[in-house]
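The following exercises concern cysteine residues and aromatic rings. Please study the sequence and the structure before reading each solution.

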Amino acid sequence: MKRLNQSLRKTLGAREWRLLVVVVAITFVLACINAYYFYVLKLRTALFWNLGLAMLPMVFAVPLVYTVKRGGLQWLAVLMGFLWLVFFPNAPYMLTDLVHLDLYTHFDATGAASQSVLPWLGLVHIELGVFLGCLYGLLSLYMLQSLVAKRFGKLVGWVFSGFVCALSGVAIYIGRFLRLNTWDIATRPLGLLKEIFGVLGRGMVKLSILFAFLTLVVYILFYATFSAAKNKEADEEMEFDPSKLAYCGLYCPQCSFLVACETRNMRHVANMPEKYARFRDMRFEELACGGCKGANNCGPCGIKDCAEQKSVAHCAACGRFPCETLLAFAADGVPHHAAALENLKTIRAVGGNGVV
């Protein structure tokens, strides 16, 4: 169990995994409260049914991300991706469940706010259910957008999210006004299409656009908040390990070879410059690298030999820094080589964690 937890944490991302665990835990608590107060509050089981459906996008997103990052079966990734797309609208659909707030009377005959606990507990039940349901969908979309962006670029990632939100707008309309369900796609596809075409009109278009806009706005707010917090936490938690700083200024944890080994995704190596073509056909076991100061895979290196001969921790500690050899290395056209020189300049100036 511990090994599975560590694997999911590394594959999905530590912050994503923590948020998912917290949301699942709160959902479990809400389920217990729902069961206990069902007959007292007459809580709508439909809301909790909707929450269960809203969890499904995450159920499909986790194996999808895991399969893609680990280089697993392609057919499984395609299947999980299709199921995720079909069930995703169930999450933002829960935003419309706020219409059920009128089931509880929160004001007495005089118009003053009621101090009875039960109607307010019903309000909390609905709002918390809607919040949790949306979080499942938003987090799953964030994970998949990150996946798409890493492979095709940020612009394509946002186009993907925009398309999903637009599709969700139409699906929310179909679910709220036509009272159709996701599984109707499989059980009665022709009947589903007939009902949809039967209501095509300005009303459907306007409301679909409205729901799509709402979904996109909520997602953007989530994305901005989650990304900012994630980046800040990453900066705060990043621990600089001097032993992993190569003599030339490269920082091994930022190396594509190491990332490829950790994620078991050879794409990181495939995108490396042509001079590293020999690594592209290697297996993960052959690619394993212990870093510049260990059993590295960079091959013969004049910079390393020079630094070891002078017994310096890195080139920034050398009296001849920056030498002609290092300047030629930084100017060879490989982007991360230029970054390595900047690392050394920063370390030379301020010391400590100067990697960029």
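**Exercise 1: Cysteines**

In this predicted model, the count of disulfides comes to 0. Explain why C306 and C318 do not form a disulfide.

*Solution.*
Step 1. A disulfide requires two cysteine sulfur atoms within 2.5 Å.
Step 2. The cysteine sulfur closest to that of C306 belongs to C318, at 6.0 Å, which is too far for a bond.
Step 3. Seen from C318, the closest cysteine sulfur is that of C306, again 6.0 Å away and too far for a bond.
Step 4. As for accessibility, C306 is partly exposed at 30%, whereas C318 is buried at 13%.

**Exercise 2: Aromatic pairs**

The whole structure contains 13 aromatic pairs. Classify the pair F60 and F87 by the angle of the ring planes, and state where each residue lies.

*Solution.*
Step 1. The ring centres of F60 and F87 are 5.6 Å apart, and the planes meet at 45°, so the pair is tilted.
Step 2. F60 belongs to helix α3 (residues 45–69) and F87 to helix α4 (residues 74–87), so the pair ties together parts 27 residues apart in sequence.
Step 3. F60 is buried, with a relative accessibility of 14%; F87 is buried, also at 14%.

**Exercise 3: A second pair**

Classify the pair F177 and F211 in the same manner.

*Solution.*
Step 1. The ring centres of F177 and F211 lie 6.4 Å apart with planes at 25°; because planes under 30 degrees apart count as stacked, the pair is stacked.
Step 2. F177 is in helix α7 (residues 154–177) and F211 in helix α10 (residues 202–237), distant parts of the chain 34 residues apart.
Step 3. F177 is partly exposed at 43%, while F211 is buried at 10%.

Technical notes: Residues numbered from 1 in each chain as written. Predicted model: local features only at pLDDT ≥ 70, side-chain atom pairs only at ≥ 80, totals over all residues. Heavy atoms only, no water. Buried < 20%, exposed > 50% of the residue type's maximum accessible area, 1.4 Å probe, protein only. Phe/Tyr/Trp six-rings, centres within 6.5 Å; stacked < 30°, edge-to-face > 60°. Helix = DSSP H or I, 4+ residues; strand = E, 2+ residues; numbered from the N terminus.
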